[in-house]
Amino acid sequence: MKIGVLALQGDFDAHRKRLEELGAEVVLVKKPEQLDDIAGLVIPGGESSTFLNLLGKEGFAKLKGFVRMKPTFGTCAGAILLANEVENPKQVGLGALDITIRRNAYGRQVDSSIREGQFLHDPIEMVFIRAPKIERLGKDVEVVATEGRDPVMVRKGNTLAATFHPELSDDSRIHQYFLDLVTNGKH
Amino acid sequence: MSKNNGHSTSPRLKTGLAEMLKGGVIMDVTTAQQAEIAQKAGAVAVMALERVPAQIRAEGGVARMASPKIIREIMATADIPVMAKCRIGHFAEAQILQELGVDYIDESEVLTPADEAHHVDKHAFTVPFVCGARNLGEALRRIAEGAAMIRTKGEAGTGDVVHAVKHIRQIVQEMKILTVLGEEELYAKAKEHQAPYELVRIVARDGKLPVPNFSAGGIATPADASLVMQLGAEAVFVGSGIFMKNSTEFADPVEAEKRARAIVKAATHFNDPKVLLEVSEDLVGAMKGLAISGLDEAHMLQTRGW
């Protein structure tokens with residue numbers, strides 16, 4: 001089972017390492033046609049505006065089709081890309097998750113933080129870097145993790161999005177959760 | 001793990017932002033309009049400056065931190081991270097930049113150094129720092145002081161890639177050597193590199209720096225970006241190469257945007273000659289530049305810092 005990590009820009013290598021530690025075969029995806037060979041995709045942290053730029057029209061359309069069919073997990077910029085409504089500024093999204101997400105919602109880098117949140121009701125470390133916030137949850141969007149009162153990881157069907165960076169923590173539970181989703185299709 | 005709601009100086013947050021910039025291009029800008037072009041073209045961050053290195057080089061005089069007013073205007077325009085430069089050792093400029101809220105500070109040899117012996121104690125700051133280096137020892141000394149990102153120095157403001165290549169090759173080669181040495185040989189290497197033994201040991205174990213390693217100083221074309229990334233750089237800084245036609249005149253904004261887009265694509269597809277050809281073909285000319293071989297050492301910026 002091959003798992004792709006979108007490698008246009010960002011911390012794709014941190015995801016690759018974590019997924020490989022968990023036994024997955026990882027493909028770094030830079031070209032649209034590579035999406036045909038993978039069972040699931042991780043969209044990493046980075047700059048969402050840069051991702052959009054590098055995807056181009058063809059890449060965006062192909063990815064939009066992919067995320068409707070196959071399990072996809074976006075972290076930070078990846079979560080922004082998966083949303084159907086993006087604020088601050090307004091930006092197109094792949095629309096795989098019916099959520100409104102606000103870019104840089106905590107402030108600038110000096111407001112980045114490491115906090116303790118809850119993942120499936122268990123405590124977990126969360127690294128927030130110039131992170132977005134999920135401001136609206138659409139119907140059928142399930143909250144998988146919270147920090148304080150904020151939903152910070154959500155899911156609908158095979159699509160998963162986190163506003164923090166599990167790839168920068170030593171804990172592998174969240175990546176395992178995604179791999180299980182790819183293997184079993186549900187939890 | 002801290003449940004902080006305030007500010008944190010955690011090295012993981014500092015290098016974390018650098019992780020997010022990997023595979024990207026950080027562009028020097030001097031106006032809000034340039035910042036907008038950079039962002040539209042796909043830059044991952046901008047460096048807010050009053051003058052780009054080529055101008056500093058041409059005009060001479062003391063180069064200081066940019067006016068906070070200019071940086072603030074750029075911060076108001078850009079949604080991507082904004083970096084700014086302080087002089088080597090000028091911790092008061094760094095304090096001002098942190099207060100202003102920039103996302104990264106570059107303690108840079110491009111500006112006139114403020115201290116002949118000491119760099120800024122970067123651990124004392126919440127905001128992360130990037131520092132230049134020409135060799136492994138210099139990189140590790142900066143990391144010991146708290147730098148969360150290293151960029152090879154090259155020779156800023158020239159558009160000549162030769163020293164960017166020299167410095168990335170130097171660092172990569174010195175790291176490779178460490179990985180094949182025995183434990184007992186690392187002590188002498190630490191002495192030779194004038195770097196903390198603990199950091200030397202980490203590099204010997206991992207074969208790479210404990211923080212992201214980017215390239216800067218003379219990168220002017222998509223091919224230049226590809227070259228330094230194939231040599232091991234994880235992202236590139238492009239200074240004068242995008243918005244300058246030569247050391248005094250700005251390039252046409254449409255051309256600048258084209259060049260910016262091309263370099264962004266080259267950074268992602270750095271090992272794909274087909275894409276590199278495609279993006280290179282669209283470009284008209286590049287910055288005129290200044291050959292480093294014609295510069296005497298007194299005019300080199302890279303020798304600032306130690």
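**Figure 1. The surroundings of Arg142(B) in the predicted model.** Arg142(B) touches His119(B), Lys122(B), Cys131(B), Gly132(B), Ala147(B), Ile150(B) and Trp306(B), if residues up to four places away in sequence are not counted. This view, like all that follow, comes from a predicted model. The arginine belongs to helix H6 of chain B, which covers residues 136–144. Is Arg142(B) buried or exposed? With a relative accessible area of 1%, Arg142(B) is buried. Its side chain also has a polar partner: a contact of 2.8 Å joins it to the side chain of Glu145(B).

**Figure 2. Leu178(B) and its contacts.** Here we move to helix H7 of chain B, where Leu178(B) has its place. Leu178(B) counts as buried, because its relative accessibility is 0% and the cut-off for buried is under 20%. Setting aside neighbours within four places in sequence, you will find Leu178(B) in contact with Leu136(B), Leu186(B), Lys189(B), His193(B), Val200(B), Val203(B) and Ala204(B). One of these partners, Ala204(B), deserves a second look: its C-alpha atom is separated from that of Leu178(B) by 4.7 Å, although the two residues are 26 residues apart along the chain.

**Figure 3. Helix H10 of chain B and what covers it.** Helix H10 of chain B spans residues 222–230, and its buried residues are Pro222(B), Asp224(B), Ala225(B), Ser226(B), Val228(B) and Met229(B). Which elements cover these buried residues of H10(B)? The cover includes three helices of chain B, namely H7 (162–179), H12 (253–268) and H13 (273–281), together with strands E7 (213–215) and E8 (236–238) of that chain. Follow the chain just past H10(B) and you reach Gly232(B), which takes a positive phi of about 125°.

**Figure 4. Two aromatic pairs in chain B.** Over all chains, the count of aromatic pairs comes to seven. In one of them, the ring centres of Phe125(B) and Phe129(B) are 5.2 Å apart and the planes meet at 70°, so this pair is edge-to-face. Phe125(B) and Phe129(B) are both buried. Tyr187(B) and Tyr197(B) make a stacked pair, with 4.3 Å from centre to centre and 10° between the planes. Why does this tyrosine pair tie together parts that are ten residues apart in sequence? Tyr187(B) lies in helix H8 of chain B (residues 186–193), while Tyr197(B) lies in helix H9 of chain B (residues 197–206), so their pairing ties those parts together.

**Figure 5. An aromatic cluster in chain A with a lysine over one ring.** Three residues, Tyr106(A), Phe128(A) and Phe164(A), form one aromatic cluster. Look over the face of Tyr106(A) and you will meet Lys133(A), at 4.7 Å from the ring centre. This lysine also appears in the next view, where Lys133(A) stands opposite Arg102(A).

**Figure 6. The three-stranded sheet of chain A.** The strands of this open sheet follow the order E5-E6-E9 in chain A, and their pairing is mixed. Strand E5 (83–87) and strand E9 (133–137) of chain A stand at the edges with a single partner strand each, so one side of each has no neighbour in the sheet. From one strand to the next, the twist averages 30°. Strand E6 of chain A (residues 97–102) pairs with E9(A) in the antiparallel sense over four bridges. Across from Arg102(A), in E9(A), stands Lys133(A).

**Figure 7. Thr100(A) within strand E6 of chain A.** Thr100(A) lies in strand E6 of chain A. The threonine Thr100(A) is buried, with a relative accessible area of 7%. With which side chain does the side chain of Thr100(A) make a polar contact? The partner is Glu85(A), at 3.2 Å. Beyond residues up to four places away in sequence, Thr100(A) touches Glu85(A), Glu87(A), Lys133(A), Ile134(A), Glu135(A) and Arg136(A).

**Figure 8. The nine-stranded sheet of chain A and helix H2.** Nine strands of chain A build an open sheet with mixed pairing, in the order E2-E1-E3-E4-E12-E11-E10-E7-E8. Its edge strands, E2 (25–29) and E8 (122–128) of chain A, each pair on one side only. Ignoring direction, neighbouring strands of this sheet are turned by 25° against each other on average. Strands E3 (residues 40–43) and E4 (residues 72–75) of chain A pair in the parallel sense over three bridges, and the bridge partner of Val42(A) in E4(A) is Phe73(A). Helix H2 of chain A (residues 48–69) lies across E1 (2–6), E3, E4 and E12 (159–162) of chain A and runs at about 145° to E3(A).

Key. Residues are numbered from 1 along each chain as its sequence is written. Chains are lettered from A and ligands numbered from 1 in the order in which they are written. This is a predicted model: local features need pLDDT of at least 70, side-chain atom pairs count only at pLDDT 80 or more; totals for chains, interfaces and linings use all residues. Side-chain values use heavy atoms; hydrogens and water are left out. Two strands pair if DSSP finds at least two bridges between them. Helices (H or I, at least four residues) and strands (E, at least two) are DSSP runs, numbered from the N terminus. Axes are lines fitted to C-alpha atoms, for helices over the stretch in contact, and angles run from 0 to 180 degrees between N-to-C directions. Rings of Phe, Tyr and Trp (its six-membered ring) pair if their centres lie within 6.5 Å; planes under 30 degrees apart count as stacked, over 60 as edge-to-face and the rest as tilted. Buried means under 20% relative accessible area, exposed over 50%, partly exposed in between (1.4 Å probe, protein chains only). A charge sits over a ring if NZ of Lys or CZ of Arg is within 6 Å of the ring centre and within 35 degrees of the ring normal. Contact means heavy atoms within 4.5 Å. A polar contact is a pair of N or O atoms within 3.5 Å; within protein, one must be able to donate a hydrogen and the other to accept it, and residues adjacent in sequence count only if both atoms are side-chain atoms.
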